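Here is a short tour of one helix and the charged pairs around it. Have the model open while you read.

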Amino acid sequence: MYEPIRTKSVHSMADDAQYPHRTREEELDIQLAGHLAALLAVTDELGLGRQGDRIAEQVARLRGAPPARLAALSQPAPAALHHRALALAGRALVVAASRADTAAAILAAERMDAHTAALRDAEPIGAP
């Protein structure tokens with residue numbers, strides 16, 4: 001009554017797939033390098049060269065190649081840049097802690113402290 005199936009099924013198990021897989025550590029490396037590269041762009045935009053060099057070293061270590069550095073500045077408000085840098089450093093810290101990367105975690109925490117201090121200093125006295 002029914003004929004047997006003679007062709008392979010279009011449905012296959014994910015384990016049978018023939019494409020390269022990345023490990024969790026590789027995915028975290030990619031994610032951490034991305035957060036640090038974004039932090040580097042904001043740091044360069046703030047004109048913090050020495051701190052940018054330290055971030056670039058970590059990005060190069062994770063990616064295996066030096067990162068591209070920001071060439072043109074857009075001149076946004078410094079407070080907005082410090083807020084963005086603080087958020088990026090926080091994300092980098094979470095990923096660095098997840099992958100147990102002490103050097104990147106320390107760098108991210110230092111950048112968070114620096115941007116928090118810069119924002120605190122920029123606030124007018126008596127502001128909430």
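## The two faces of α2

On one side of α2, Arg50 and Glu57 are exposed, which here takes over 50% relative accessible area, while buried takes under 20% and partly exposed falls in between (1.4 Å probe, protein chains only). The other side belongs to Gln51, Gly52, Ile55, Ala56, Gln58, Val59 and Leu62, which are buried. These buried residues cover an arc of only 160° around the axis, so they sit on the same side of α2; the arc is that of the directions from the helix axis to the C-beta atoms. An α-helix has 3.6 residues a turn, so residues three or four places apart point the same way.

What do the buried residues of α2 pack against? They meet α1 (24–45) and α4, with contact meaning heavy atoms within 4.5 Å.

## Ground rules

This is a predicted model, so local features need pLDDT of at least 70 and side-chain atom pairs pLDDT 80 or more, whereas totals for chains, interfaces and linings use all residues. Residues are numbered from 1 along each chain as its sequence is written, and side-chain values use heavy atoms, leaving out hydrogens and water.

## Length and end of the helix

Helices are DSSP runs (H or I, at least four residues), numbered from the N terminus. α2 has 15 residues and spans 20 Å from its first C-alpha to its last, close to the expected 21 Å; that expectation is 1.5 Å times one less than the number of residues. After α2 comes Gly64, with a positive phi near 85°.

## Salt bridges that reach α2

There are seven salt bridges in the structure, each a side-chain nitrogen of Lys or Arg within 4 Å of a carboxyl oxygen of Asp or Glu. One of them pairs Arg69 with Asp53, closest N and O atoms 3.1 Å apart. Arg69 lies in the loop between α2 (49–63) and α3 (78–98) and Asp53 in helix α2, so the pair ties together parts 16 residues apart in sequence. Arg69 is partly exposed at 36%, and Asp53 is partly exposed at 40%.

Glu110 and Arg54 form another, at 2.7 Å. That pair links helix α4 (residues 102–122) to helix α2, across 56 residues.

Then there's Asp101 with Arg61, 2.6 Å from N to O. Asp101 is in the loop between α3 and α4 and Arg61 in helix α2, so this pair ties together parts 40 residues apart in sequence. Asp101 is buried at 7%, whereas Arg61 is partly exposed at 42%. Both belong to a network of salt bridges with Asp29 and Arg99.
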